[in-house]
Amino acid sequence: MAREQLNSTAYNWNGFAGRQELAVALAGHVAGRLTKAIAERGTGLLAVSGGTTPAKFFAALSAIPIAWDKVIVTLVDERFVPASSPRSNAGLVAANLLQNAAKAAQFVPLYHEAIDIRDAAASDDAALRSLPWPLDVVVLGMGPDGHTASFFPDADDLATLLDPSSDRIVLPVHAASAGEPRLTLSLARIVDAGFIALHIEGEDKRTAFDSAVAPGPRKPIRAVLDAALKPVEVFWAP
Ligand SMILES: O=C1O[C@H](COP(=O)(O)O)[C@@H](O)[C@H](O)[C@H]1O
């Protein structure tokens with residue numbers, strides 16, 4: 001049961017007492033949305049984030065018996081590292097989501113070996129173009145710096161990444177604070193999703209979110225809230 005519910009025009013705040021409770025609730029919402037999409041158009045398209053936060057949510061979602069063979073899973077963003085790296089978002093998804101019932105899902109990765117990340121982004125862009133857009137569900141994360149997807153505040157060409165009218169699906173990212181180059185879905189594809197969830201945990205992220213929605217310099221997460229066609233569902237636990 002949600003501990004608190006706060007609403008604004010840009011987001012709904014779903015606060016939980018604990019992280020496991022949040023994981024189960026978020027998994028239930030996502031499974032419900034995918035089931036609805038499968039009933040309506042025969043397939044469900046899900047984009048998930050990486051990092052440290054989603055493991056419990058992935059485990060809960062993987063156990064829900066929906067028609068996973070009709071679900072396509074891809075990533076919101078990826079570090080430019082192979083799946084064997086502990087930094088790989090694909091590796092996290094393989095170990096935690098593509099298990100149990102969800103083993104039957106099709107996974108479309110973003111990382112491909114390439115000399116130049118721009119080539120990897122261009123070939124991802126072409127490959128992902130054949131998916132059944134728009135996304136039915138996107139689950140975003142957020143860093144304490146207000147980045148979401150790989151929209152880092154110090155990214156080169158942030159305006160291109162955050163262009164809501166971009167035709168690109170996947171873009172390369174270079175940001176000093178990111179650790180390594182990244183591949184990310186464009187803002188345009190994220191905000192077009194049927195259900196947009198933001199999964200954040202801890203007091204530092206609550207503070208970061210509160211400051212991102214307060215008047216002041218626009219953090220990348222704010223660009224998503226501003227461009228989304230429907231309120232973003234924020235799932236938070238301490
Ligand atoms: O680098 C990334 O960070 C964000 C947030 O990660 P977390 O470890 O603070 O949960 C994540 O959403 C993104 O997918 C990832 O590439």
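The shell around the ligand in this predicted model is made up of 8 polar residues, 4 charged ones and just 1 that is nonpolar. In total, 13 residues surround the ligand. Gly50, Thr52, Thr53, Asp77 and Lys205 are the closest of them. As for where this happens, the ligand sits in the largest pocket.

A few side chains come up when polar contacts to the ligand's oxygen atoms are listed. Asp77, already named among the closest residues, has a side-chain N or O atom 2.6 Å from an oxygen atom of the ligand. For Asn89, the corresponding distance between a side-chain N or O atom and a ligand oxygen comes out at 3.1 Å. Arg182 joins in as well, with a polar side-chain atom lying 3.0 Å from an oxygen atom of the ligand. On its own, the ligand has 390 Å² of accessible area, and the protein covers 91% of that.

Moving on to the backbone, two spots in loops deserve a look. One is the peptide bond from Trp133 to Pro134, which is cis, with omega near 0°. Pro134 belongs to the loop that runs between helix 4 (117-128) and strand 7 (137-140). The other is Asn100, which is not a glycine and yet has a positive phi of about 50°. Asn100 is placed in the loop between helix 3 (89-96) and strand 6 (106-108).

How far can the coordinates be trusted? On the confidence side, the chain averages a pLDDT of 96, and 97% of the residues score at least 70. The model as a whole comes with an ipTM of 0.98 and a pTM of 0.97. Among the elements of the chain, strand 3 (residues 44-48) has the highest mean pLDDT, at 99. Strand 1 (residues 4-7) is at the other end, with the lowest mean, 62. Predicted coordinates should not be read in detail where pLDDT is low.

Terms used: Residues are numbered from 1 along each chain as its sequence is written. This is a predicted model: local features need pLDDT of at least 70, side-chain atom pairs count only at pLDDT 80 or more; totals for chains, interfaces and linings use all residues. Side-chain values use heavy atoms; hydrogens and water are left out. A residue is near a molecule or strand if one of its heavy atoms lies within 4 Å of it. A polar contact is a pair of N or O atoms within 3.5 Å; within protein, one must be able to donate a hydrogen and the other to accept it, and residues adjacent in sequence count only if both atoms are side-chain atoms. Accessible areas come from the Shrake-Rupley method with a 1.4 Å probe; for residues, only the protein chains shown count as cover. On a 1 Å grid over the protein atoms alone, a cavity is a set of points where a 1.4 Å probe fits but cannot get out, and a pocket is an open set with protein on both sides within 12 Å along at least five of seven lines; lining residues have an atom within 4 Å of a point. A molecule sits in a cavity or pocket if more than half of its atoms lie within 2 Å of its grid points. Ala, Val, Leu, Ile, Met, Phe, Trp, Tyr, Cys and Pro count as nonpolar, Asp, Glu, Lys and Arg as charged, and the others, Gly among them, as polar. pLDDT is the predictor's confidence in each residue, from 0 to 100. Helices (H or I, at least four residues) and strands (E, at least two) are DSSP runs, numbered from the N terminus.
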